[in-house]
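User: Could you take a close look at the aromatic side chains in this model and walk me through how they are arranged? I would enjoy one connected account.

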Amino acid sequence: MVETAASDPEPLKAADWTALSDEKLLEVRMCDLKLSIEGTELEPRIAQLNAELDARGLAFRPHYYLSDEWFTPDGVPSVAIPFYLAHPRLAKLEEAEMLEVEGGDPESCLRILRHEAGHAIDNAYQLQRRRTRRRLFGNPATEYPEYYTPKPYSKSFVQHLDHWYAQSHPDEDFAETFAVWLDPNAMWAQTYAGWPAQKKLEYMDRLMRELSRARPRVTSKRQVDPLRRLKKTLREHYRGKREHYGLDHPDFYDSDLLNLFSDAPQYARNMSAARFVRRIRREVRGTVASFTDSYQYTIDQLLEKIIERCRELNLRLTESEASTKIDFMVFLTVQTMNYLHSGRHRVAL
């Protein structure tokens, strides 16, 4: 961290940290970023969400503030937005550290805002207490799992955020259903016709019509972990975040790699498998993430393990790069899906 001659460092101004290298920026405390929502790209996105609420006849508006991640505090009608969306320099750092920027474009940001607004309205009107809500979505008191195993083809849940997130917890199911109901382009009545999830959407429609005439029971603007109070450095923040989304155990075996590559002497002059995987790493990471609804960081950790093992086994290509890439893409997709459904999939809370 950059310090003055005084015993305590003075708070950094934006001009002080925007020009820093990634290595130096990682030493800055989060509270010293001195960010706000006002004047950023977040303002028009929040305005659009408010317009969607208004179009649905809802006078309720969540309270928004900056924190380290996306979340809605328990029992509070507030939405915490990650700090990196308040400045392009920090979005660039987020991508460097995590390989993607969650909510970084207007479309994905609005998807998440609709979801978090569902949590906020749930809290504002204390909807968890309602019998029908509990019957349709499950018990809100259910403990959040550290991991969950989604069922991609289930029709009992809407599909809004990635990773089949509605399946992770009853409260997430409610928020996801609200988000689909709110989305002006969702056409949920047609999309979910005949699905068990249709009953949830129809209930949401009736419930929100009722709430349009009611005042919120909870109006607190209490902030949990606001950015201005977070004393950890950006390095500490990303160390914890990478650990959360990392890969604990690789789901491949030497036999899998030997089906793709070889250590036989006749292939000694061919390109090494480690070099080949490094060359296609970025392309296959993005493609498989799209196929499997998995986090790019998780896939990248698996690729790192594969590269390391290919190097240890001295494996080389046996076929052309083009055909090997196709086979490798299938292999990586299978390994990622095995990981996703093994019970070790990380839940983004």
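Analyst: Happy to; here is a walk through the aromatic pairs, followed by the charges placed over rings.

This is a predicted model, in which local features need pLDDT of at least 70, side-chain atom pairs count only at pLDDT 80 or more, and totals for chains, interfaces and linings use all residues. Residues are numbered from 1 along each chain as its sequence is written, and side-chain values use heavy atoms, with hydrogens and water left out.

Searching the whole structure turns up eight aromatic pairs. Here, rings of Phe, Tyr and Trp (its six-membered ring) pair if their centres lie within 6.5 Å; planes under 30 degrees apart count as stacked, over 60 as edge-to-face and the rest as tilted. One of the pairs joins Phe137 and Phe174 in an edge-to-face arrangement, 5.3 Å centre to centre with 70° between the planes. Phe137 belongs to helix α6 (residues 131-137) and Phe174 to helix α7 (residues 170-182), so this pair ties together parts that are 37 residues apart in sequence. Helices are DSSP runs (H or I, at least four residues), numbered from the N terminus, as are strands (E, at least two).

Both partners are buried, a word that means under 20% relative accessible area, with exposed over 50% and partly exposed in between (1.4 Å probe, protein chains only). Phe137 counts as buried because its relative accessibility is 5%, and Phe174 does so at 0%.

Another pair is formed by Phe178 and Trp181, and this one is tilted: 5.7 Å centre to centre, 40° between the planes. Phe178 and Trp181 both sit in helix α7, three residues apart, which is about one turn of the helix. Phe178 is buried at 0% relative accessibility, and Trp181 is buried at 2%.

Returning to the edge-to-face pair, Phe137 and Phe174 form one aromatic cluster together with Tyr203.

Now for the charges. A charge sits over a ring if NZ of Lys or CZ of Arg is within 6 Å of the ring centre and within 35 degrees of the ring normal. Trp181, the partner of Phe178 in the tilted pair, has the charged end of Arg56 over its ring, 4.4 Å from the centre. A lysine gives a further example: the charged end of Lys200 sits over the ring of Phe157, 4.3 Å from its centre.

Putting helix α7 together, Phe174 pairs with Phe137, while Phe178 pairs with Trp181, whose ring lies under the charged end of Arg56.
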